[in-house]
Structure formats: C-alpha cells, structure tokens
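Student: I should like to take a close look at one part of this protein, namely its salt bridges. Could you please guide me through them and place them within the whole chain?

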Amino acid sequence: MQKNNTSILPGQTIGIIGGGQLGRMMAIAAKYMGYYIAVLDPTTNCPASQVADKQITAAYDDKQAIKELTEMADVVTYEFENVDLTAATYIEEKGKLPQGPYALEITQNREKEKQLMKDLGLPIPDFSIITNGRECEEVLKTFSFPAVIKTCSGGYDGKGQLKLKSQADIQQAVDFAEKNSHCIIEEWVTFDKEISVIFTRAKSGEISFFPIAENDHKDHILYQTQVPARISEEVQNKAYKAAEKLAEKMNVVGTFAIEIFVQGEDIFLNEMAPRPHNSGHYTIEACNISQFAQHIRAIAGLPLAPIKLLEPAAMINILGEDLDGVLRALPKMEDGFVHLYGKVEAKTKRKMGHTTFIAETQEEIKQQISRFEEAKR
Ligand code: AMP
C-alpha cells in the first residue's frame, strides 16, 4: 500500500489503546475506510476486539504490549484519558501519537484541568484543592454551600464525588478527603442545563465543531442527549470560543469534548475528555460525518470534513437494566437506531448500548421515543 509522509492511508494500521465502546465505534469508522485495527485491552472479546483485526491482550500500561502495539501500528490513538503517560510519551517519541501526551496529562487530573481553564480566564465554578481531611475542614469553613468534593483523578459517571448540601456534611467530606487525599472542592452550580461541545482538531490546527448537544443525566450517568441544544446564540458562541482557546492551548488533535453548565446566558466549564464522547454518539446518524470518522481523519492526517447536521436527533443510553426491554422493543420498532456494544455481561448501570432517533422535528422524535418506551414494556 502506498505511503506518504503526512497521511496514514487505508491499508495501514491504526492502534487503539482501550477496547470499550468508544474504541469499537472508532474501529468501525476506520474499517469503513479500509484501515486495519489493532487494539490493546486486558479483556478478551472486549467490544473493540470484536471488530478489530488484532487484539493485544494485556494491561494498558504493560510496556511490552505498548511496544508491540506501537510497532504494529502506523498511528496510535486511545479511547480514554487515563492512558499511562510514560506509555503515551514513548509512542509519541516513536512518531506515532499525533494527539501527544499533554492533553492526557491535563484531562486525567481535575486540578490541572481546572487550573488550565482558570489560567486561560475561562468561566469555571469556584474551586479549592485539598490533600487531606484537615485542609478539607479548613476550606469548608468558608466555602459556600451547596458544594461538591471530587477526587482529582480516576472518577467517572459520578463515581468519586460527593455532594455537600450544608455545613452538616463537613464530616462526610473530611472522611472522603482522608480516604482519597488529592481532591477538589467545587461550588455547586445551579444550572439550567448541561451541554457539551464536541469538536475535532486537525494537526494543522483546523477545527470542526459538531452541533452542541444538550444532556440530561440520571444518577450522574448520561441518560439522554438532544440536538440541537436549546441555547441562545450567545451561549453557543461563548462555548465555541472557550473550546477554541482550550484546543489551541493543549494543541489538541482528534475528537475532543467539553462538558459545560449553562445558567441563563452564562457558561461554566465542567470537565473535558480528549476523545469521542457519549454525548456525540448522535453524530453517527444525524450528521454527514460521525465524531468517530472525523477523529480517524484527524489522527490519520486527512483533511476534516465540513460538518452538517442532517436532522435533529435524540440519543438515549441503554444501561444493563434496560437491555431486556430494548430487545423486547426491537422487533416492533420502525424508527430508532439501536447500537449494542457487544458487552458480555449486562450489569446494572453499565453502558451496554444506545439508541438514536432522528426526525425533522423534536416533536416527531418525542413521538418515536414514546413508541419506543411503550414497546419496551
Ligand atoms: P463530573 O464527573 O464532574 O462530570 O460530574 C458528574 C455530574 O455531576 C455532572 O454532569 C453534573 O450533573 C454534576 N455536577 C458535577 N459538578 C457539579 C457542579 N460543580 N455543579 C453542579 N453540578 C455538578
């Protein structure tokens, strides 16, 4: 297969660290184009391995496995932010990690993430960093409530955080801080809605934005995404500008997501993910190019496609406890695009798949969703 200096072309191999649903959907997008896929994941038969050409079954930070993946692949990407930084640096030094380790270093640590946003003058909730129970108690004596305490690393889907309603919760926070040491305490924002800005940035610095998504969470897990988000042009522009600033500062390459709280015409940045995002799954059916395909283009050094929203959309996650209902509904459903990730065990709260509805109007989408809910029973 022909090679050139700047682009990785179909016929060459993309290595993916992490074999979950995001790796799987990246792999599917790349397979459509004709790439080979090698995935590194400790679990055999993981979602991405089911569509990949090759799996290296080893821990994500296994040095030998990282070396093997790097040798096998022409370019390497990842599906999660907790990639071992030594591994990321090694792959970059071999010239195969266009995304670089910096965006990973920032997004795997809430302190670094918030500090970077603050340094750039971006709007964020008030925060303090603490490293033990005593510091936690000191900070909370003057902090306004409600607040939230979060671990600085390792939390996701609401894991690793505790909401603090009033001073009465200080002891709980102190215990949390003692257990987790490096934590961030944040002001609780009474937001009107949560949105996410998802974009893809090319190596050249060119950015393409997907339409902003509006997100509803249940028990801290994304439940539903609606597009277009019901926000003003002012909010939209503020969100795009903040994203541009961050993307440039971190020299982002690939698809990237920023979660934002909206309060009136104000925005407050919450957290970032240096990868495709759950709230961008709607792009598979509702846009001319998905967040995954655009990501592959970016890391392969191909030009980005100009993004168009083809139709309004809603995406609903399928958790372990929803799976039986969805399977009951599927034979009766004319609309709704069901994606299941091939996870063997349907545990409660585990993301097993998602369904995307598209139509000309949100009213029609609502009707599709009610028929879906009815058919699940
Ligand atoms: P996170 O893991 O930081 O994305 O938090 C998970 C969810 O908790 C968010 O999507 C919000 O719904 C809620 N949350 C987290 N931090 C805050 C905050 N400072 N103010 C209000 N809600 C928050």
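**Salt bridges in the context of the chain**

Tutor: In the protein chain, residues 24 or more positions apart account for 62% of the contacts with a separation of 6 or more. Please bear in mind throughout that this is a predicted model. Let us begin with the whole and then turn to the pairs of side chains.

The secondary structure of the chain comprises 12 helices and 17 strands. The radius of gyration is 21 Å, close to the 21 Å that the globule rule gives for 377 residues, so the chain is as compact as a globular protein of that length. Along the principal axes, the C-alpha atoms fill a box of roughly 65 × 50 × 40 Å. Of the 377 residues, 55% are buried. The accessible surface amounts to about 16,700 Å², and carbon and sulfur atoms hold 47% of it. The domain assignment divides the chain into domain 1 (13-97), domain 2 (126-187) and domain 3 (193-376). Between the C-alpha centres of domain 1 and domain 2 there is a distance of 35 Å.

We now come to the part you asked about. The structure contains 17 salt bridges, and a few of them may serve as examples.

Consider Glu138 and Lys141, whose side chains form a salt bridge with an N to O distance of 3.0 Å. Both residues belong to helix H6 (residues 133-142), where they stand three residues apart, about one turn of the helix. Glu138 has 45% relative accessibility and therefore counts as partly exposed.

A second example joins Asp266 to Lys238, with the closest N and O atoms 3.8 Å apart. This pair links distant parts of the chain, for Asp266 lies in strand E14 (residues 266-273) and Lys238 in helix H8 (residues 233-250), 28 residues apart. Asp266 is partly exposed because its relative accessible area is 39%. Lys238, at 30% relative accessibility, is likewise counted as partly exposed.

A third example is the salt bridge between the side chains of Arg377 and Glu374, at 2.8 Å from N to O. With 67% relative accessibility, Arg377 counts as exposed, since the limit for that class is over 50%. Salt bridges may also be joined to one another: Lys114, Lys150 and Glu186 are linked in a network of them.

It is useful to set these charged pairs beside some nonpolar residues. Leu164, in strand E7 (residues 161-164), has a relative accessibility of 0% and so counts as buried. Leaving aside residues up to four places away in sequence, Leu164 touches Leu140, Phe145, Pro146, Ala147, Val148, Ile149, Asp169 and Ala173. By contrast, the C-alpha atoms of Leu164 and Glu93 are separated by 44 Å, with their positions 71 residues apart along the chain.

Leucine is also found on the surface. Leu327, Leu330 and Leu340 form a nonpolar patch there, and together they have about 230 Å² of accessible area. Leu327 is part of helix H11 (residues 323-329). Its relative accessible area is 43%, so Leu327 is partly exposed.

To return to your request, the examples include a pair about one turn apart in helix H6 and a pair that links strand E14 with helix H8.

Definitions and conventions: Residues numbered from 1 in each chain as written. Predicted model: local features only at pLDDT ≥ 70, side-chain atom pairs only at ≥ 80, totals over all residues. Heavy atoms only, no water. Patch = residues over 30% accessible without salt bridge, like charges linked within 9 Å, V, L, I, M, F, W, Y side chains within 5 Å. Areas by Shrake-Rupley, 256 points an atom, 1.4 Å probe, with all protein chains shown as cover. Salt bridge = Lys/Arg side-chain N within 4 Å of Asp/Glu carboxyl O. Helix = DSSP H or I, 4+ residues; strand = E, 2+ residues; numbered from the N terminus. Buried < 20%, exposed > 50% of the residue type's maximum accessible area, 1.4 Å probe, protein only. Domains from an automatic or database assignment. Rg over C-alpha atoms; globule rule 2.2 N^0.38 Å. Contact = heavy atoms within 4.5 Å.
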